[in-house]
Amino acid sequence: MTHLRPARLLTVLLASASLFAAPAYAAPPEDLEARAEALIDRFEAPGLSIAIVEDGEVTFADGFGVTDLQDPVAVGSDTNFAIGSVTKAFTATALAILVDEGRIGWDQKVVDIMPEFRMKDAWVTREMTVRDLLVHRSGLGLGAGDLLFVPRSDLTRADVVERLGEIPLETSFRSSYAYDNILYMVAGRLIERVTGQSWERFVTDRILRPAGMTSATVENDARGPDDLVADPHARIDGPIRGTGTMERLDDSLVVAQVAAPAGGIAASASDMAKWIELQLALGDLPGDARLFSEEQGREMWKPVVLMPTPMYAGDLAQTAPLFNTYALGWNVRDYRGERVIMHGGGVYGSITRLVLLPDRNVGFFLATNSEEAGLLTGLQFELLDHYLGVEGNDWPAAFGKFIDDYFGSAASQLAGPGKEPADVGPSLPLAGYAGEYADPWFGTIAVSDGDDGLTVRFPHWEGVTARLEHYQYDTFITRYEDESFEPAYVTFALDAQGKVDRVTMKAVSPVADFSWDYDDLLFQPVASNGQ
């Protein structure tokens, strides 16, 4: 889900179709435990969870570090981590089960199942299929609509479906790839419509429990006892979010429940080992049971949309795929001539990777309760190299430097010469900016003038109010009480009579996560402002 700037930046993996199945190594790296402990120390990460499956057997499932820096409890094999967008494959699997049962079809029109479904364009509304919900080719922009559930939400999935029709499209339908979360929420709502069960109930009863994932949860309020839950952490006291010292984040930043079909599952190493076993077995369960058919298993891995291919300089160029595609809840890529089925996940304070090498019958899961993508991406490539028989690369060091340079460059953009704001404005007395301003899909913000200056209150973000600090001209900066929220420039545009005509927003940080899609908002005064 969401997708965290370093986590989403480095959801880089590998894949390529090999003509003949190759045998896997017989075991994980001999020094894996020592390596995991060393990486936690190097990156100052709180905790790490690892699961590995080879040839149908769990060869490793354990945890390292602690669940919480403030109240440390050791991470173990049964500690639940937020898996973020790795959840998307579970939602795709739920739909695959319904396809197997003949209750829906991948190419069935969404509006035929949900007559209330609307996109901004009527033709897209008519043509959107169940498959289209999962493959990020709808025409929506990157992360469009994420502010409906980031950082919090009191909306229902029905509310989200209703608001979807107001979100502008950036490209033509099926013409290009742009990652989104909102259509996975629509997919969750579609499951509810077809089955009469909530997405949470269906995924728990039809996937998690049959697969033996006894600790995994789909409810924020039921993630497990405190000593079996990895709490989120991030660096938030530096010049931009993602730098500074590691701090524990508010638990409320776990994915809002409305967005659970896009990224709301929490699971342990032991659970995810079972999920990997199931995926590599293409739906086959122990005994004579099946969760989904082999046909649907292969369908979910079938590339549908071309994705941009990441480009790196220096040694990191070895990790860039030759091809990069999106299937049904999965990335399909190549690495060193090997096909890789994978997905990354990121919610605030936690990131994950799930990687399958189906032609070697190997898969692994990695999670950390922090936003240290250098650790996770580096370890991901170390394990890939291990199973492909390659030695000699310190990928955590290489990716760690890449990310440090990335954040360092972003920080310098904000603090470099000529970056001081102009000592001009505001044009109006503060009371002149007060009022309510509505955006068609996001809702109505309320700007108030009080003893402490201007404040802004946001719809459906329960309890979230920001102080508006003057920046320059008629632009202010949001100062949230919670420093983990990305601040934004708020610009009031005036008409010829000197009254506010519209309000726009833009993230202050040049590396803000795409879920803070402030740029998509356009507020206009509501009639009651009397302007």
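## Overview of the predicted chain

The chain holds 13 helices and 20 strands, and the model that shows them is a predicted one. Confidence averaged over the chain gives a mean pLDDT of 92, with 93% of the residues reaching 70 or more. Residues 2-24 are a stretch where pLDDT stays under 50, and for this stretch the model has 117 contacts beyond four places in sequence.

Turning to overall dimensions, a compact globule of 531 residues would have a radius of gyration near 24 Å, and the chain, with 23 Å, therefore agrees with that expectation. The table collects values for the whole chain.

| Property of the chain | Value |
|---|---|
| Box filled by the C-alpha atoms, along the principal axes | roughly 75 × 50 × 45 Å |
| Share of the 531 residues that are buried | 59% |
| Accessible surface | about 20000 Å² |
| Part of the accessible surface belonging to carbon and sulfur atoms | 48% |

Among the strands, 8 form an open sheet with antiparallel pairing, in the order E2-E1-E12-E11-E10-E9-E8-E7. Strand E2 (57-65) and strand E7 (305-306) stand at the edges of this sheet, and because each has a single partner strand, one side of each is left without a neighbour in the sheet. Strands of a sheet pair through backbone hydrogen bonds, in either a parallel or an antiparallel manner.

At the E7 edge, the partner is strand E8 (residues 324-326), which runs antiparallel to E7 and is joined to E7 by 2 bridges. Within this pair, Leu306 stands opposite Thr325 in E8.

Technical notes: Residues are numbered from 1 along each chain as its sequence is written. This is a predicted model: local features need pLDDT of at least 70, side-chain atom pairs count only at pLDDT 80 or more; totals for chains, interfaces and linings use all residues. Side-chain values use heavy atoms; hydrogens and water are left out. Two strands pair if DSSP finds at least two bridges between them. Helices (H or I, at least four residues) and strands (E, at least two) are DSSP runs, numbered from the N terminus. pLDDT is the predictor's confidence in each residue, from 0 to 100. Contact means heavy atoms within 4.5 Å. The radius of gyration is taken over C-alpha atoms; the globule rule is 2.2 Å times the number of residues to the power 0.38. Buried means under 20% relative accessible area, exposed over 50%, partly exposed in between (1.4 Å probe, protein chains only). Accessible areas come from the Shrake-Rupley method with a 1.4 Å probe; for residues, only the protein chains shown count as cover.
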